[in-house]
Structure formats: structure tokens, C-alpha cells
Amino acid sequence: MMKMRWMWVWALSLAALGHADASPSGEPDAQRVVLAYAEPECSPEKNWKCLCVGTPGTATSQLEEIGVDLNVLKTSGWPCVKGDFDQDGQPDYAFPGKDYSCNQSVPVRVIFTRGGRVREVGALPREVSCLQLYGPRSKPGRYGVPKTARQGLVDWGEGNATWVYLFNGKKWRATSHLSESR
């Protein structure tokens with residue numbers, strides 16, 4: 001009888017160890033957002049073409065809708081801006097669409113995550129050309145760009161073409177600013 005109890009304790013211990021190695025939520029890997037910069041030193045505040053490599057979880061259809069090539073994203077990388085736009089402590093990712101360059105505007109989809117999964121996918125209110133991370137700042141910046149305590153997105157332009165995008169927890173607020181002195 002004592003041997004039987006010992007075997008049960010041993011079997012339950014092994015089962016518990018095997019369960020600990022499984023995904024904590026029991027979800028398949030295809031549902032998890034697994035993205036990182038192709039070049040970890042790329043700064044999205046200074047560079048408009050940082051590339052993310054990986055898989056977007058359940059946001060594949062929203063990214064394909066704007067022309068993101070999922071095979072390129074998975075293998076060599078697609079332009080994206082990583083930030084925490086909703087201030088929940090979880091990474092969020094902004095993806096410009098097909099033919100992204102500073103010479104033409106394209107749509108953008110933003111993946112908001114929670115616990116490594118897609119929480120929501122939203123669109124910026126207008127198309128962009130040179131998308132970068134807009135960092136927190138304690139006072140208004142050059143040409144009147146706004147102060148903010150949160151990360152946002154910015155589309156630096158020429159003339160009156162700079163647009164700053166800040167997410168208020170429900171929707172994106174877009175403001176335009178002069179980007180050159182006259």
C-alpha cells in the first residue's frame with residue numbers, strides 16, 4: 001500500500017511538471033503575438049523603417065487587408081513601430097500597409113495586446129507616410145507638437161503635414177502641426 005501511495009505522488013509530480021511546461025492559457029502558439037525588432041538596436045523614434053519579425057497572432061486578416069505580407073513578416077521583417085499606446089504595460093504594434101515609404105501614404109493597423117494575445121486591432125484615422133514613435137514629452141515640441149505623458153505615433157512631414165496620433169484608451173486623436181518654419 002505504501003508503494004502505491006509513493007507511485008501516486010511520483011506520478012502526480014510528473015504530471016504537474018508536464019503541465020507547467022505547457023502554455024499557461026492552453027492556447028495554440030498561432031494565437032500568440034510573437035514580434036520583435038529584426039535589429040534590436042533600431043530606434044522607432046529616430047528611424048521610420050524599423051522591421052518587426054514574427055507572427056501577429058489572430059490579427060493576420062487585418063494585416064493582410066492592408067497588404068502586409070505575412071511570410072515576409074515571419075522571415076525577414078515588415079516595417080512596424082512598437083510602443084505602449086494604450087498605457088497598459090503591454091506592447092502594441094503599428095503596421096503600415098503595402099508600399100510603405102516616405103513618398104506615399106498607406107493605411108496603418110495597430111495591434112493592441114494583453115498577455116501575449118491580440119486584445120484589439122484598430123486603424124489610424126488617416127493614412128501615413130513616415131511613421132515613427134512619438135515619445136512622452138513634458139512640454140510642447142518644435143512647431144507646436146503636443147506634450148504628452150504617453151507614447152503615440154507621428155508622421156513627420158513637410159509644410160503643414162506633420163500629424164501626431166495619441167490613443168486615449170478608446171480612439172486615436174490626430175492633430176496636425178506645422179513642420180517647417182515659414
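Hi everyone. The protein averages a pLDDT of 84, and 81% of its residues score at least 70. Over residues 1-24, though, the pLDDT is below 50, and beyond near neighbours in sequence this stretch has zero contacts in the model. Please keep in mind that this is a predicted model. Where pLDDT is low, the predicted coordinates should not be read in detail.

Let me turn to one residue, Gln132. You can find Gln132 in strand E8, which covers residues 131-134. Is Gln132 buried or exposed? Its relative accessibility is 8%, and the cut-off for buried is under 20%, so Gln132 counts as buried.

What does the side chain of Gln132 reach? The backbone oxygen of Glu45, at 3.1 Å. Glu45 also turns up among the residues that Gln132 touches, leaving aside those up to four places away in sequence. From the same part of the chain, that list includes Pro44, Lys46, Asn47 and Trp48. Val81 is on it as well, and so are Gly152, Leu153, Val154 and Trp156.

Now, on to empty space. Rolling a probe the size of a water molecule over the atoms shows where such space is left. How many cavities of 30 Å³ or more does the structure hold? The count is one, and the largest cavity has a volume of about 30 Å³. Some of its lining will sound familiar: Asn47, Trp48 and Val81 are among the lining residues, and Gln132 touches these three too. The others lining the cavity are Lys49, Cys50, Pro79, Cys80, Pro96, Tyr100 and Leu131. By class, that makes eight nonpolar residues, one polar and one charged.

Thanks, and I'm happy to chat afterwards.

Methods. Residues numbered from 1 in each chain as written. Predicted model: local features only at pLDDT ≥ 70, side-chain atom pairs only at ≥ 80, totals over all residues. Heavy atoms only, no water. Helix = DSSP H or I, 4+ residues; strand = E, 2+ residues; numbered from the N terminus. Buried < 20%, exposed > 50% of the residue type's maximum accessible area, 1.4 Å probe, protein only. Polar contact = N/O pair within 3.5 Å; in protein donor to acceptor, adjacent residues only side chain to side chain. Contact = heavy atoms within 4.5 Å. 1 Å grid on protein atoms, 1.4 Å probe; cavity = no way out; pocket = protein on both sides within 12 Å on 5 of 7 lines; lining within 4 Å. Points joined across faces, edges and corners; volume = space filled by probe spheres on them. Nonpolar A, V, L, I, M, F, W, Y, C, P; charged D, E, K, R; others polar. pLDDT = per-residue confidence, 0-100.
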